[in-house]
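The following exercises practise the reading of a protein model. Attempt each task before turning to its solution.

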Amino acid sequence: MSIITDSNNTAANTNTVLKNDLLLRALRGDTLSRPPVWMMRQAGRYLPEYMVLRRKYDFFTRCQTPELVCEITIQPVDIVGVDAAILFSDILVVPQAMGLEVLMEEGKGPSLPMPIKSIEDFSRITVPDVSDKLHYVMDAIKLTKQTLNGRVPLIGFAGAPFTLLCYMVQGKGSKTFDEAKSFCFTQPEAAHQLMQMITDTTIQYLIAQAKAGADVVQLFDSWSGLLSPADFEIFAMPYIKQIVEAVKPHCPVIVFAKGSWYALEDMAATGAGIGVDWCIKPALARKLVGANTTLQGNFDPAKLMLSPAEIKKEVNKMIDDFGIDKYIVNLGHGITPLIPVDNAKAFVDAVKEYGAKN
Ligand code: CP3
């Protein structure tokens, strides 16, 4: 494995040489002996070591304490052997920083007691100075980069504006986000104003993450697949595009818009790496994004309940289908709490063994 100096890293306090830079090279399109592998939600409830900290500290205390963020972020690197760390945090720290109360309730997921219902509610939110309101995230990135000491790259992230609007308007998780979508359709001016405020905050936020040391950032549009292709063009794409264009000069960006396979071509045109879920054939994803885009995905997390031997077989097939170059092995969505750690390891090991085979 080659050792490079991470010359693009603008972090003031981290001048570390990355010992494993597979993720960055995959995003650059270099020829590799195997693709890099990481898992969405890899820092989470399937890990007993995470559960120990979860019993001791509530969710936002975990997010706001740099030492805890650092420990939780590095757990899957130590335990599962992934090729990248993703910062432990949540997309909902942005609505919080904009002025909305966000609660994470045991067994119920997120809730926002006073959601946005009309333009009158905008008096309760602002575009904050992220270096003040989200200072703790940047502190956590600096500490984590220092502690990783170049073992693997660190991924920062944010929620895309449509997905954050879903929570800010609906006020809680939902399978349909019907109220949030109705808000977009019946009060489009308010929806666009809200998403522009989220966009302005997110651009500042992701650039600050890159400056603090994040090597790559991922934009999660977890609910954009609830929009028709035409509505995606109106309510999701313009904001994704603004964010990628503003952040790309600072670090590589990956866009994961779950369910929005119909927009792969437009998203790839932004120059970002593109995450895909399991509802698209690898060959079609490649055809839609073209030859120059790095794809990421798309293992169905429920398949991690197969035996380790079967997982390895499925991973081999997936890499055969996507090809080694311009590809990042990942799940098609987050890992779920019931997955045995050994199965997560089998997933990662299969990718490493694929490299050994070639
Ligand atoms: O990927 C990682 O390991 C990094 C950490 C991370 C979390 N949330 C930690 C978390 C990331 C990248 C997120 C992103 C996030 N948060 C998304 C986008 C990705 C996706 O899964 O679609 C969304 C939609 C959220 C909002 C959110 N946060 C929900 C709906 C929930 C409750 C559901 C759930 O999975 O428990 C959370 C809580 C949350 N965020 C947990 C973790 C580890 C579980 C908290 C706990 O109970 O310990």
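**Exercise 1: Two loop residues with positive phi**

Arg41 lies in the loop between helix 1 and helix 2; helices (H or I, at least four residues) and strands (E, at least two) are DSSP runs, numbered from the N terminus. The model is a predicted one, in which local features need pLDDT of at least 70 and side-chain atom pairs count only at pLDDT 80 or more, while totals for chains, interfaces and linings use all residues. Residues are numbered from 1 along each chain as its sequence is written, and side-chain values use heavy atoms, with hydrogens and water left out.

Task. Determine whether Arg41 is buried or exposed, and do likewise for Phe177.

Solution.
- Step 1. Recall the cut-offs: buried means under 20% relative accessible area, exposed over 50%, and partly exposed in between (1.4 Å probe, protein chains only).
- Step 2. The relative accessible area of Arg41 is 54%, so Arg41 is exposed. Its phi is near 60 degrees, a positive value in a residue other than glycine.
- Step 3. Phe177 is located in the loop between helix 8 (161-170) and helix 9. Its relative accessible area is 0%, so Phe177 is buried. Phi of Phe177 is near 45 degrees, again a positive value in a residue other than glycine.

**Exercise 2: Surroundings of two buried residues**

Task. State which residues Gln42 touches, not counting residues up to four places away in sequence, and describe the position of Ile319 in the same manner.

Solution.
- Step 1. Gln42 is placed in the loop between helix 1 (22-28) and helix 2 (48-56). With 0% relative accessibility, Gln42 counts as buried.
- Step 2. Contact means heavy atoms within 4.5 Å. Beyond the residues up to four places away in sequence, Gln42 touches Leu47, Pro76, Val82, Ala84, Ala85, Ile86 and Ile335.
- Step 3. Ile319 belongs to helix 15 (residues 308-322), and at 0% relative accessibility it counts as buried.
- Step 4. With neighbours within four places in sequence left aside, Ile319 is in contact with Pro35, Ile324, Tyr327, Val329, Val351 and Tyr354.
- Step 5. Ile319 and Pro282 are 37 residues apart along the chain, and their C-alpha atoms are separated by 9.4 Å.

**Exercise 3: Aromatic pairs**

Task. How many aromatic pairs does the rule give? Explain why the pair of Phe157 and Phe220 ties together parts that are apart in sequence.

Solution.
- Step 1. A pair of aromatic rings is described by the distance of the centres and the angle of the planes. Rings of Phe, Tyr and Trp (its six-membered ring) pair if their centres lie within 6.5 Å; planes under 30 degrees apart count as stacked, over 60 as edge-to-face and the rest as tilted.
- Step 2. By this rule there are 12 aromatic pairs.
- Step 3. One of these joins Phe157 and Phe220, with 5.6 Å centre to centre and 90 degrees between the planes, and is edge-to-face. Phe157 lies in strand 6 (residues 154-159) and Phe220 in strand 7 (residues 216-221), so this pair ties together parts that are 63 residues apart in sequence.
- Step 4. Phe157 counts as buried at 9% relative accessibility, and Phe220 counts as buried at 13%.
- Step 5. Phe185 and Phe235 also form an edge-to-face pair, with 5.9 Å centre to centre and 65 degrees between the planes. Because Phe185 lies in helix 9 (residues 178-186) and Phe235 in helix 11 (residues 229-235), the pair ties together parts that are 50 residues apart in sequence.
- Step 6. At 41% relative accessibility Phe185 counts as partly exposed, whereas Phe235, at 4%, counts as buried.
- Step 7. Tyr50, Phe59, Phe60 and Phe88 form one aromatic cluster.

**Exercise 4: The whole protein**

Task. What is the radius of gyration of the protein, and what does the globule rule give for 358 residues?

Solution.
- Step 1. The protein has 16 helices and 11 strands.
- Step 2. Its radius of gyration is 19 Å, close to the 21 Å of the globule rule for 358 residues, so the protein is as compact as a globular protein of that length. The radius is taken over C-alpha atoms, and the globule rule is 2.2 Å times the number of residues to the power 0.38.
- Step 3. Of the 358 residues, 57% count as buried.
- Step 4. Among contacts between residues at least 6 apart in sequence, 73% join residues at least 24 apart.
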